[in-house]
Amino acid sequence: LASEYLRVAEQHAGTPAGERASLYAADRLFSEGKFVDAKARFEKYLASNPASPAAATALMGVAACQEAAGETDKAIGTYGQVLSLHASAPEAQQAKLALGLLYELKKQPDQALRQYDAVLNAKPPSVWRMEAEMRREQLVRVNPQLVPGASVVAPASTLVLPATNAP
């Protein structure tokens, strides 16, 4: 529970264990659906640990809380911060995927496509590559105008002809 992590964070304030417990507490608060409290904890962690290796994770947490609260534009801005401040962190690829989905929700498929392509072209490839590929395929299927030369794929016919033994 978040309360248990918060207790550890308070008991070990100023230590690496206390810092990790604080970040875990924020994550648990998010999992418990307490987005406002989680966001405050992620922001507190960032304020205390701006140069921490986990700063990108905490910033992703802030963006996820904003997204969960329906603050799409704020979430887009915060995911953008992840990319600008932590471009080489593993969280950057996850932020690009999140941005792609938010751009799709905002009916900006061209922006979404750019994010998915950025994940697909990342060196080295990330664990998020397969999801980016799937999302890109779905996006292009619905918006074939995004890719020059792409054609609309007609849905498969559900008509099944009866089999015969005739030669």
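**Notebook: helices, core and a few residues**

I began with one pair of helices and noted that the crossing of α6 and α7 is left-handed. I keep in mind that I am reading a predicted model. The axes of these two helices, α6 and α7, come within 8 Å and cross at roughly 160°. Since angles over 145 degrees count as roughly antiparallel, I wrote down that α6 and α7 are therefore roughly antiparallel to each other. I then looked up which residues make the contact: α6 brings Gln 93, Lys 96, Leu 97, Leu 99, Gly 100, Leu 101, Tyr 103 and Glu 104, while α7 brings Pro 109, Gln 111, Ala 112, Gln 115, Tyr 116, Ala 118 and Val 119.

**The whole chain**

Next I stepped back to the protein as a whole, in which I found eight helices and zero strands, so that, read from the N terminus on, the elements run α-α-α-α-α-α-α-α. The protein has 167 residues, of which 36% count as buried. I also looked at contacts with a separation of 6 or more, and for 37% of them the residues are 24 or more positions apart.

**The core**

I asked myself which residues have the most contacts inside the largest nonpolar core. They are Leu 23, Phe 42, Leu 46, Ala 58, Tyr 79 and Leu 139, in a core that has 35 residues. The elements that give two or more residues to this core are α2, α3 (35-48), α4 (55-68), α5, α6 (91-105), α7 (109-120) and α8 (129-142). The largest share comes from α4, which gives seven residues. I followed Leu 46 further and, not counting residues up to four places away in sequence, saw that Leu 46 touches Ala 55, Ala 58, Leu 59 and Val 62.

**Thr 78**

I found Thr 78 in helix α5, which covers residues 72-85. Is Thr 78 buried or exposed? Its relative accessible area is 6%, and because buried means under 20%, Thr 78 counts as buried. Leaving out residues up to four places away in sequence, I listed Leu 59, Val 62, Ala 63 and Gln 66 as the residues that Thr 78 touches.

**Asn 49**

I turned then to a residue outside the helices, for Asn 49 has its place in the loop between α3 and α4. Asn 49 counts as buried because its relative accessibility is 10%. When I left aside neighbours within four places in sequence, I found Asn 49 in contact with Glu 19 and Ala 55. I noted the distance for one of these partners: Glu 19 is 30 residues from Asn 49 in sequence, and the two are 8.2 Å apart in space, C-alpha to C-alpha.

**Aromatic rings**

Last, I looked up the aromatic pairs, taking ring centres within 6.5 Å as the cut-off, and by this rule the count comes to two. One of them is formed by Tyr 5 and Tyr 24, with 5.5 Å from centre to centre and 65° between the planes, which is edge-to-face. This pair links distant parts of the chain, as Tyr 5 lies in helix α1 (residues 2-11) and Tyr 24 in helix α2 (residues 16-31), 19 residues apart. I checked how accessible each partner is: Tyr 5, at 31% relative accessibility, counts as partly exposed, and Tyr 24, at 42%, counts as partly exposed.

Note on methods
Residues numbered from 1 in each chain as written. Predicted model: local features only at pLDDT ≥ 70, side-chain atom pairs only at ≥ 80, totals over all residues. Heavy atoms only, no water. Phe/Tyr/Trp six-rings, centres within 6.5 Å; stacked < 30°, edge-to-face > 60°. Helix = DSSP H or I, 4+ residues; strand = E, 2+ residues; numbered from the N terminus. Buried < 20%, exposed > 50% of the residue type's maximum accessible area, 1.4 Å probe, protein only. Contact = heavy atoms within 4.5 Å. Core = buried A, V, L, I, M, F, W, Y, C linked by side-chain atoms within 4.5 Å. Axes fitted to C-alpha atoms, helices over the stretch in contact; angles between N-to-C directions. Parallel < 35°, antiparallel > 145°, perpendicular 65-115°, else oblique. Left-handed = near helix turned anticlockwise from the far one by under 90°.
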